[in-house]
Amino acid sequence: MNLVDIVVYVVILLFSVIVHEIAHALAALKRGDDTAQKLGRITLNPIPHLDLFGSIILPAIILITHIPILFAWAKPVPIHPEKFKNPKRDIALVAFAGPLANFTLAFVCSLINAVLIKLNLANSFIDVIHFLGIMIIINISLGVINLIPIPPLDGS
């Protein structure tokens, strides 16, 4: 894997993880908890979402050691279940919002790929097709992994 590929993977992973966390924050806000909003966590700016170990150190170690799986995480979005209208249901909705955001990103990228292929534009946009393919794989992976019922994953 060359440097350009590494940068593309890292940017896609970072973007996807941030969208995942924003989805949690928006779902919490919709259910009555404005904690994440007050902390500035509903933003695509990566700085408020970065976790020193999970966003920087671990991915760097993985890339340097050529481990074939790129893994990272962002700071979890803080929630206060006591602010929810129906805490038991709303915690589940907030938890599922992150994986749903990843599956939605993968679906949108798949649609764009399908349109490019259907219009016979795949050869003209081969780099876009490649980029979207990486987006699809990373987002499906993030969505599935986060549904595993093991703490601290969303499925728990």
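**Helix packing and local geometry**

Ala23 is buried, with a relative accessible area of 17%; buried means under 20%, exposed over 50% and partly exposed in between, for a 1.4 Å probe and protein chains only. The model is predicted, so local features need pLDDT of at least 70 and side-chain atom pairs pLDDT 80 or more, whereas totals for chains, interfaces and linings use all residues. Residues are numbered from 1 along each chain as its sequence is written, and side-chain values use heavy atoms, with hydrogens and water left out.

The protein chain holds five helices and zero strands. Helices (H or I, at least four residues) and strands (E, at least two) are DSSP runs, numbered from the N terminus. The order from the N terminus is α-α-α-α-α. Along the principal axes, the C-alpha atoms fill a box of roughly 50 × 40 × 30 Å. Of the 156 residues, 35% count as buried. A contact is a pair of heavy atoms within 4.5 Å. Among contacts between residues at least 6 apart in sequence, 65% join residues at least 24 apart.

Ala23 belongs to helix α1. Setting aside residues up to four places away in sequence, Ala23 touches Ala97, Gly98 and Ala101. His130 is 107 residues from Ala23 in sequence, and their C-alpha atoms are 25 Å apart in space.

Ala97, one of the residues touched by Ala23, marks a kink of about 30 degrees in α4. The proline Pro99 follows shortly after. The bend at a residue is the angle between two fitted axes, one for the seven residues ending there and one for the seven starting there. Helix α4 has 32 residues. From first C-alpha to last, α4 reaches 45 Å, close to the 46 Å expected at 1.5 Å a residue. The expected span is 1.5 Å times one less than the number of residues. For α5, with 21 residues, the expected span is 30 Å; the end C-alpha atoms are 30 Å apart, which agrees.

The largest nonpolar core has 25 residues. Such a core is a set of buried Ala, Val, Leu, Ile, Met, Phe, Trp, Tyr and Cys residues joined through side-chain atoms within 4.5 Å. Leu13 and Ile138 touch the most other members. Helices α1 (3–30), α4 and α5 (126–146) each supply at least two residues of this core. In soluble globular proteins, nonpolar side chains tend to be buried together. Ile138 touches Tyr9, Ile12, Leu13 and Ser16, not counting residues up to four places away in sequence.

Buried residues of α5 include Ile129, Leu132, Met135, Ile138, Leu142 and Asn146. Their cover includes α1 and α4. Asn146 lies in α5 and is buried at a relative accessible area of 12%. A polar atom of the Asn146 side chain lies 2.9 Å from the backbone oxygen of Leu142. Beyond its neighbours within four places in sequence, Asn146 is in contact with His20, Pro99, Leu153, Asp154 and Gly155.

Which aromatic pairs does a search of the whole structure find? The search returns one. Phe53 and Trp73 form this pair, which is tilted, with 5.9 Å from centre to centre and 50 degrees between the planes. Rings of Phe, Tyr and Trp (its six-membered ring) pair if their centres lie within 6.5 Å; planes under 30 degrees apart count as stacked, over 60 as edge-to-face and the rest as tilted. Phe53 lies in helix α3 (residues 52–64) and Trp73 in the loop between α3 and α4 (87–118), so the pair ties together parts that are 20 residues apart in sequence. Phe53 is partly exposed at 42% relative accessibility. Trp73 is also partly exposed, at 32%.

Some backbone angles stand apart from the general pattern. Most residues other than glycine have a negative phi, and most peptide bonds are trans. His66, in the loop between α3 and α4, has a positive phi near 60 degrees. His66 is exposed at 66% relative accessibility. Asn120, just after α4, takes a positive phi of about 55 degrees. Asn120 sits in the loop between α4 and α5 and is exposed, with a relative accessible area of 69%. Pro151 and Pro152 are joined by a cis peptide bond with omega of about 5 degrees. Pro152 is in the segment after α5.

Definitions and conventions. Polar contact = N/O pair within 3.5 Å; in protein donor to acceptor, adjacent residues only side chain to side chain.
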